[in-house]
Amino acid sequence: MAARFLRTTCFGIGRRCWARGGVRLYTVQAGPGSAADVAAFASLEPHPRSVQYLMSTVDVSKIWAFLSTELPIRYAERIRSLEQVPHWEEVPDLVEVRDIHLDSFKAVREAQVDTFAQVAHEAILREQRVVDMMAKSMHYLRRDHGDVITEDFVSKFLDDFLLNRIGCQVLLGHFLACRAGQKSGIIDPRCNTKKVCRAGAKAVLEMCVSCTGLCPNVFVDAYSACGNGLDDDDTPRFPYMPHILKYIVMELLKNSCRATVDMLRAGQLHADDYPINVIVCADEDHVTICVADQARGIPRGVNAWSYLYTTAREGEYGGEKRLAGHGVGLPLSRLYARYLGGALDLVSLPGYGTHAYVNLPRVQTQQVEVVPEIDCLGL
């Protein structure tokens with residue numbers, strides 16, 4: 001562990017590598033993107049950043065100085081973790097995901113501060129399909145190699161892989177936002193939770209009508225225990241990324257709307273009698289969002305957090321699965337909440353409905369990246 005710690009202080013990966021104080025630890029003679037280059041970065045530890053850091057670091061040259069070594073570490077860890085998955089080479093999607101990450105790793109390694117904006121933009125576009133590809137690949141491996149690809153293995157592997165990916169996407173987005181002149185980068189210092197929840201509800205209801213022809217009733221209310229002008233009209237505000245908050249709320253509402261629609265159809269019931277309530281509340285330290293439906297709850301024995309669980313069948317909900325996917329929406333939402341020190345929990349009330357609770361820290365110094373260090377898969 002001590003040797004690993006020393007390696008995190010070195011400079012010049014891909015050529016001579018020196019520890020602070022001038023003691024050479026090792027030498028790597030390899031071009032950017034080579035196997036040795038990836039291995040060298042994979043041996044280093046990621047360096048989590050806080051919301052406070054992101055808000056105070058908006059100079060693109062300073063961000064680049066950090067990203068030029070931090071992103072290769074995180075990409076290299078994901079590449080290595082993919083290569084450790086049993087039978088990964090049998091799955092074309094996994095091979096492609098590995099190649100995508102190698103392309104991004106090499107592009108970052110070869111970039112300079114004046115070319116990095118294009119590299120960042122291309123990396124984000126290149127990796128858009130990665131989550132769905134990973135989810136489908138795990139379904140195939142679980143089906144064909146269930147002796148080693150267990151459900152626990154899939155959960156641990158995807159949790160670490162996707163949480164690592166979230167961090168990269170945020171850092172890339174922050175660089176681009178700062179370069180575009182956004183004052184606080186990717187962070188909204190006074191993210192209006194009620195406004196974000198209402199925008200998410202509107203989008204999901206439009207999706208629900210398009211896919212099912214039905215429109216459940218969704219109500220959004222906000223409350224605050226804070227006084228002294230900390231909130232405007234009881235609307236909890238805090239430094240956060242609105243697009244991430246919206247994603248979490250939308251995924252929870254998609255589940256509630258779909259379950260409600262299925263119940264209404266089965267029993268010829270009226271939507272007015274089964275509303276979905278989104279309650280936003282806060283104190284000085286935390287923001288909590290509750291999404292509560294009356295769609296009879298989650299059946300006992302069902303692991304709603306499993307990446308392998310989905311009730312959607314091909315051709316349902318408009319034929320595009322826009323209201324349901326490959327089972328990644330809920331566990332991915334939990335990772336987004338966890339990414340900056342928050343949590344997402346479910347409470348199922350059998351016969352009544354489901355309550356989802358999103359708890360997010362409100363204090364900048366408590367909003368610190370959770371970035372798993374992927375050493376091995378524990379097979």
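# Why these labels apply

Student: Why is arginine 296 called partly exposed?

Tutor: In this predicted model, arginine 296 has a relative accessible area of 42%. Buried requires a value under 20% and exposed a value over 50%, so a residue in between is called partly exposed. Arginine 296 is found in the loop between S7 and H11, and its phi is positive, at about 80°, although arginine 296 is not a glycine.

Student: What makes a positive phi worth pointing out?

Tutor: Most residues other than glycine have a negative phi. Histidine 87 is another residue other than glycine with a positive value, near 70°, and it lies in the loop between H4 and helix H5 (92-110). With a relative accessible area of 34%, histidine 87 is also partly exposed.

Student: How do you know that H2 is roughly perpendicular to H4?

Tutor: Helix H2 (residues 35-42) and helix H4 (residues 60-83) pack at an angle of about 105°, and their axes are 8 Å apart. Angles from 65 to 115 degrees count as roughly perpendicular, and therefore H2 is given that description relative to H4. On the H2 side the contact is made by Val38, Phe41 and Ala42, while H4 contributes Thr69, Pro72, Ile73, Ala76, Glu77, Ile79 and Arg80. These contact residues divide into seven nonpolar, one polar and two charged.

Student: What makes strand S9 largely enclosed by the rest of the structure?

Tutor: Seven of the nine residues of strand S9 (residues 353-361) are buried, so the strand is described as largely enclosed. For the protein as a whole, buried residues make up 53% of the 379 residues.

Student: How do you know that S9 pairs with S7 and with S8?

Tutor: Two strands pair if there are at least two bridges between them. Strand S7 (residues 286-292) pairs with S9 in the antiparallel sense over seven bridges, and strand S8 (residues 343-349) likewise pairs with S9 in the antiparallel sense over seven bridges. On the S7 side, the bridge partner of threonine 288 in S9 is asparagine 359, and valine 291 stands opposite alanine 356. On the S8 side, leucine 349 stands opposite glycine 353. The hairpin of S8 and S9 has three residues between the strands, and in it glycine 351 takes a positive phi near 85°.

Student: Why are S4 and S8 said to stand at the edges of the sheet?

Tutor: The five strands form an open sheet in the order S4-S6-S7-S9-S8, with mixed pairing. Strand S4 (218-224) and S8 each have a single partner strand, so one side of each is left without a neighbour in the sheet. On average, neighbouring strands of this sheet are turned by 15° against each other, direction ignored. Helix H11 (residues 329-339) packs on the sheet, where it touches S8 and S9, and its direction makes about 135° with that of S8.

Student: How do you know that cysteine 281 is in no disulfide?

Tutor: A disulfide needs a pair of cysteine sulfur atoms within 2.5 Å, whereas the nearest cysteine sulfur to that of cysteine 281, belonging to cysteine 290, is 8.0 Å away. By this rule the count comes to zero disulfides.

Student: Why are cysteine 168 and cysteine 281 given separate exposure labels?

Tutor: Cysteine 168 has 0% relative accessibility and therefore counts as buried, because buried means under 20%. Cysteine 281, with a relative accessible area of 29%, is partly exposed.

How values were computed:
Residues are numbered from 1 along each chain as its sequence is written. This is a predicted model: local features need pLDDT of at least 70, side-chain atom pairs count only at pLDDT 80 or more; totals for chains, interfaces and linings use all residues. Side-chain values use heavy atoms; hydrogens and water are left out. Axes are lines fitted to C-alpha atoms, for helices over the stretch in contact, and angles run from 0 to 180 degrees between N-to-C directions. Helices (H or I, at least four residues) and strands (E, at least two) are DSSP runs, numbered from the N terminus. Angles under 35 degrees count as roughly parallel, over 145 as roughly antiparallel, 65 to 115 as roughly perpendicular and the rest as oblique. Contact means heavy atoms within 4.5 Å. Ala, Val, Leu, Ile, Met, Phe, Trp, Tyr, Cys and Pro count as nonpolar, Asp, Glu, Lys and Arg as charged, and the others, Gly among them, as polar. Buried means under 20% relative accessible area, exposed over 50%, partly exposed in between (1.4 Å probe, protein chains only).
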